[in-house]
Amino acid sequence: MNIKKITVVGVGLIGGSFAKGLKAKGSGDRYEITGYDPSIESMDKAVELNVIDRYETTLSQAVKSADLILLAVPLGSMAQVLRDIEPCIKPSTIITDVGSAKMSVINAVKEVFGEVLPSFVAGHPIAGKEKSGVEAACVDLFVDHRVVLAPTKETSVDALSEVRKLWESLGACITEMAPDFHDEVFAATSHLPHLLAFSLVDLLNEHEELGNVFQYTAGGFRDFTRIASSDATMWRDISMNNASAIVKWLRNYQAEIDNLVGLIENKESDALFNLFHNAKTARDKHIVKDTL
């Protein structure tokens, strides 16, 4: 397929960086990149910052002639956006997304279109930064970062190949993963730590026994809870859209906490040391070495 017209729905950090990266690579001469976002102010800023070529003020106009649509909207809005674009798009249009959960988006596609479209390619870029919005969009956000593509058995080889080529042109490293396995992996490695950080801060906030305990926090607490400053709406949507996997890993963690409580209560120092040592060894081997 010869992709010429790309529409980005949701021109924030991720969608804006996708568009801006393609334009910066010189691809802007080949692709006409149209943006859509409910905020006209954001769209004006996106054009001013050379993130997109143009924008439309209605979603139907933005997608009607697109060869490829990137959905960079919150998971809670995904089904409605799919319903809104369904009557307007060409049969050949490739649709892809950047959501943090994949099965809920695939189920929404099936519900809206009556089938899991061969032209739908579920995606999830593992990249981001503290700031958000189109002003934070940057050309190199995805360079050397992993992008997970989660094709279904219905996904066409050509559609998958086109989406892969776009991400690779932005410097991303592509991993293909089954959608349900994706949701398990990211429930355990991303969603669980975010929810733990939120709950720890909530637990200690103006605690009736401790008062304002945050004034005594140091680097360890701040490192552990940094992600509790993440967007509440986004994490509510992720929790609702990957609920079963998240609950499973919360319960696994709960069992780990119960085990830890037992070791401490029973003064099992050797077992406690082994747990800490094994965790440190695993982290040093698999995480620290990649950051040196």
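A nonpolar surface patch joins nonpolar side chains within 5 Å, drawn from residues with over 30% relative accessible area and no salt bridge. The views below come from a predicted model.

**Figure 1. A nonpolar patch built from Tyr 253, Ile 257 and Val 261.** These three residues make a surface patch of about 220 Å². Ile 257 sits in helix α10, which covers residues 243-265. Its relative accessible area is 34%. Ile 257 can therefore enter a patch, because 34% passes the cut-off of over 30%. In the terms used for burial, Ile 257 is partly exposed. A general point helps in reading this view. An α-helix has 3.6 residues a turn, so residues three or four places apart point the same way.

**Figure 2. Overview of the whole protein.** The fold has 11 helices and nine strands. Its C-alpha atoms fill a box of roughly 65 × 40 × 35 Å along the principal axes. The protein has 292 residues, and 42% of them are buried. Take the contacts between residues at least 6 apart in sequence: 72% of these join residues at least 24 apart. The accessible surface comes to about 15800 Å². Carbon and sulfur atoms account for 52% of that surface. The protein carries 29 positive and 40 negative side chains. The centres of these two sets lie 6 Å apart.

**Figure 3. Helix α5 and its cover.** Which residues of α5 are buried? They are Ser 104, Val 105, Ile 106, Ala 108, Val 109, Val 112 and Phe 113. The cover over these buried residues includes helices α4, α7 (179-204) and α9 (232-241). Strands β5 (94-97) and β6 are also among the covering elements. Gly 114 follows α5. The phi angle of Gly 114 is positive, near 80°.

**Figure 4. Ser 119, in the loop between α5 and β6.** The loop runs from helix α5 (103-113) to strand β6 (120-121). Is Ser 119 buried or exposed? Ser 119 is buried, because its relative accessible area of 13% falls under the 20% limit. Neighbours within four places in sequence are left aside in the contact list. Beyond them, Ser 119 touches Thr 93, Ile 94, Ile 95 and Ala 159. Of these, Ile 94 belongs to β5, as does Ile 95. Ala 159 belongs to helix α6 (residues 157-169).

**Figure 5. The salt bridge between Arg 83 and Glu 111.** The structure holds 14 salt bridges, and this view shows one of them. The N to O distance is 3.9 Å. The pair links distant parts of the chain, 28 residues apart. Arg 83 lies in helix α4 (residues 75-85), and Glu 111 lies in helix α5. Arg 83 is partly exposed, at 39% relative accessibility. Glu 111 is exposed, with a relative accessible area of 60%.

**Figure 6. A salt bridge within helix α6, between Lys 165 and Glu 162.** The two side chains meet at 3.7 Å, N to O. How far apart are the partners along the helix? Lys 165 and Glu 162 are separated by about one helical turn, because they are three residues apart in α6. Their exposure can be read partner by partner. Lys 165 counts as partly exposed, at 46% relative accessibility. Glu 162 counts as buried, at 11%.

**Figure 7. Arg 236 with Asp 237, and a salt-bridge network.** Arg 236 forms a salt bridge with Asp 237. The closest N and O atoms are 3.1 Å apart. Arg 236 is partly exposed, with 49% relative accessibility. Asp 237 is buried, with a relative accessible area of 6%. Elsewhere, Glu 32, Arg 54 and Glu 56 form one network, joined by salt bridges that share partners.

**Figure 8. Leu 275 in helix α11.** Helix α11 covers residues 269-291. Leu 275 is partly exposed, at 23% relative accessibility. What does Leu 275 contact, leaving aside its neighbours within four places in sequence? The contacts are Glu 256, Asn 259, Leu 260 and Leu 263. These four residues fall within helix α10 (residues 243-265). Leu 275 and Ile 287 are 12 residues apart in sequence. In space, the C-alpha atoms of Leu 275 and Ile 287 are 17 Å apart.

Methods
Residues are numbered from 1 along each chain as its sequence is written. This is a predicted model: local features need pLDDT of at least 70, side-chain atom pairs count only at pLDDT 80 or more; totals for chains, interfaces and linings use all residues. Side-chain values use heavy atoms; hydrogens and water are left out. Helices (H or I, at least four residues) and strands (E, at least two) are DSSP runs, numbered from the N terminus. Buried means under 20% relative accessible area, exposed over 50%, partly exposed in between (1.4 Å probe, protein chains only). Contact means heavy atoms within 4.5 Å. Accessible areas come from the Shrake-Rupley method with a 1.4 Å probe; for residues, only the protein chains shown count as cover. Lys and Arg count as positive and Asp and Glu as negative; His and the chain ends are not counted. The place of a charge is taken as NZ of Lys, CZ of Arg, CG of Asp or CD of Glu. Patches are made of residues with over 30% relative accessible area and no salt bridge: like charges are joined within 9 Å, nonpolar side chains (Val, Leu, Ile, Met, Phe, Trp, Tyr) within 5 Å. A salt bridge is a side-chain nitrogen of Lys or Arg within 4 Å of a carboxyl oxygen of Asp or Glu.
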